[in-house]
Amino acid sequence: VDAYTQTLESNALRKRLGLDDGGIGGGVRVSGLWFSTPQLPFEGVEPTQSIESREADLATFCRDDVLMTIDGIEVGQDGTVPLSSTRPDERISKSHLFTRHGVGHILDIGVLRDGKPIVLKHKLTPLRYLCPVHDQFDAHPSYVVCGGCVFTPLSWPWISAHKYSDGWEANFPSFNSVSSLPAKGSKQIIVLSGVLADEVNVGYHSKKWLILKSFNGKTPTNIRDLVRSIATCKETYLEFRLHAVNQEDFNEQLICLEMEGVKKAEERILEQHMIASFCSEDAIPPEFKNGDKSKTMVELLKKAAAVENQT
């Protein structure tokens, strides 16, 4: 279910939320909302619903709602429910009442809102995380290669490939602090997976597993936005500012590449490492998809210039 909850053992908090039952009733407070929109950012739908607009929707939860019942089963103050009607004294987490149903099932959720009882018709949807979990469902092998620097969205399949494979890599960082955050629209965490060694990127060959903070002063929303920024760049230098996980404020790394050098080296780098295209197809912005697919950054730069001239 797309909500965080807080236990309600405090009598003062119960009274504040409209539960004047002497502390003997059930219910848990809705403490936050989760963006569970299942659409992927590459399906042409950019989920942009804000917390405020969701709270104006009477079909979903609001902060400070009191979750009282799920399909008529009372939720305890500690967030537990009876195991079954025949074993009422054995209690388990309320999440059981959600996970026992499939996606699309509609639950009757009884809540207390501003002291008034209401029933929500809540449709179960998959939860989306800022770090996608399942390969080919919410996680895709998207990438872009620029000057030998390989960027990809952070995902659990990518983490597993480095951390849990037979060729386990020492000192691989823990991304736990960001991997479990809820998704927000089409935002992705872009990471530098590694650098394909070439003379154009001398001095950066050991850089890897860093989070991209900005490109030429702009923070890209996702991998597609990064490709768009590269394709429309008119600067002499390409500046990628990066940081290790949890070191954003005090240890910034800078990769600076010369645009002309990157253009000249691109075909050499792709051929040497047998890479068919400088970026995955799903990373190409829709406005640049007219005609043949751009296999190199140079081709995309020309296409971006043509689009700009038309507008």
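**Figure 1. A closed cavity beside α7.** The second largest cavity in this predicted model has a volume of about 50 Å³. Its walls are built from Val145, Cys146, Gly147, Gly148, Val262, Glu266, Ile269, Leu270, Phe278 and Met297. Helix α7 puts in the most, with 4 residues of the lining. β9 (144-146) and α7 each supply at least two. Sorted by class, that makes 7 nonpolar, 2 polar and 1 charged residues around the space. If you go looking for others, a search of the whole structure turns up 4 cavities of 30 Å³ or more.

**Figure 2. The largest pocket and what lines it.** Here we move to the largest pocket, which holds about 310 Å³ of space. It has 17 lining residues, and Lys187, Ile211, Leu212, His243 and Glu248 are the ones closest to the centre. Strand β12 (residues 210-215) provides the largest share of this lining, at 3 residues. The class tally for the pocket is 9 nonpolar, 5 polar and 3 charged residues. As for the method behind such views, rolling a probe the size of a water molecule over the atoms shows where empty space is left.

**Figure 3. Helix α4 and its buried face.** Zoom in on helix α4 (residues 156-163), and you'll find Trp158, Ile159 and His162 as its buried residues. Looking down the axis of α4, these residues fall within an arc of 100 degrees, so they line one face of the helix. The general rule is handy here: an α-helix has 3.6 residues a turn, so residues three or four places apart point the same way. What do the buried residues of α4 pack against? Their partners are β10 (149-153) and β11 (190-195).

**Figure 4. Two nonpolar cores.** The largest nonpolar core takes in 40 residues, and the ones with the most contacts inside it are Val144, Phe151, Leu226, Leu238 and Phe240. There is also a second, separate core of 16 residues, with Val28, Ile70, Val81 and Phe98 among them. In soluble globular proteins, nonpolar side chains tend to be buried together. For the wider setting, 43% of the 311 residues of the protein count as buried.

**Figure 5. Leu238 and its surroundings.** Setting aside neighbours within four places in sequence, which residues is Leu238 in contact with? The list runs to Cys146, Phe215, Asn216, Cys233, Ile255, Cys256, Leu257, Met259 and Val262. Two of these names turn up in Figure 1 as well: Cys146 and Val262 also line the second largest cavity. Across the protein, among contacts between residues at least 6 apart in sequence, 61% join residues at least 24 apart.

**Figure 6. Two loop residues with positive phi.** Most residues other than glycine have a negative phi, so a close-up of the exceptions is worth having. Asn216 has phi near 50 degrees, a positive value, and sits in the loop between β12 and α6 (223-231). Asn216 is partly exposed, with a relative accessible area of 27%. Met274 also has a positive phi, near 55 degrees. You'll find Met274 in the loop between α7 (259-272) and α8 (297-310). Is Met274 buried or exposed? Met274 is exposed, its relative accessible area being 78%. To place both loops in the overall fold, note that the secondary structure comes to 8 helices and 14 strands.

Notes
Residues numbered from 1 in each chain as written. Predicted model: local features only at pLDDT ≥ 70, side-chain atom pairs only at ≥ 80, totals over all residues. Heavy atoms only, no water. 1 Å grid on protein atoms, 1.4 Å probe; cavity = no way out; pocket = protein on both sides within 12 Å on 5 of 7 lines; lining within 4 Å. Points joined across faces, edges and corners; volume = space filled by probe spheres on them. Nonpolar A, V, L, I, M, F, W, Y, C, P; charged D, E, K, R; others polar. Buried < 20%, exposed > 50% of the residue type's maximum accessible area, 1.4 Å probe, protein only. Arc of directions from axis to C-beta. Contact = heavy atoms within 4.5 Å. Core = buried A, V, L, I, M, F, W, Y, C linked by side-chain atoms within 4.5 Å.
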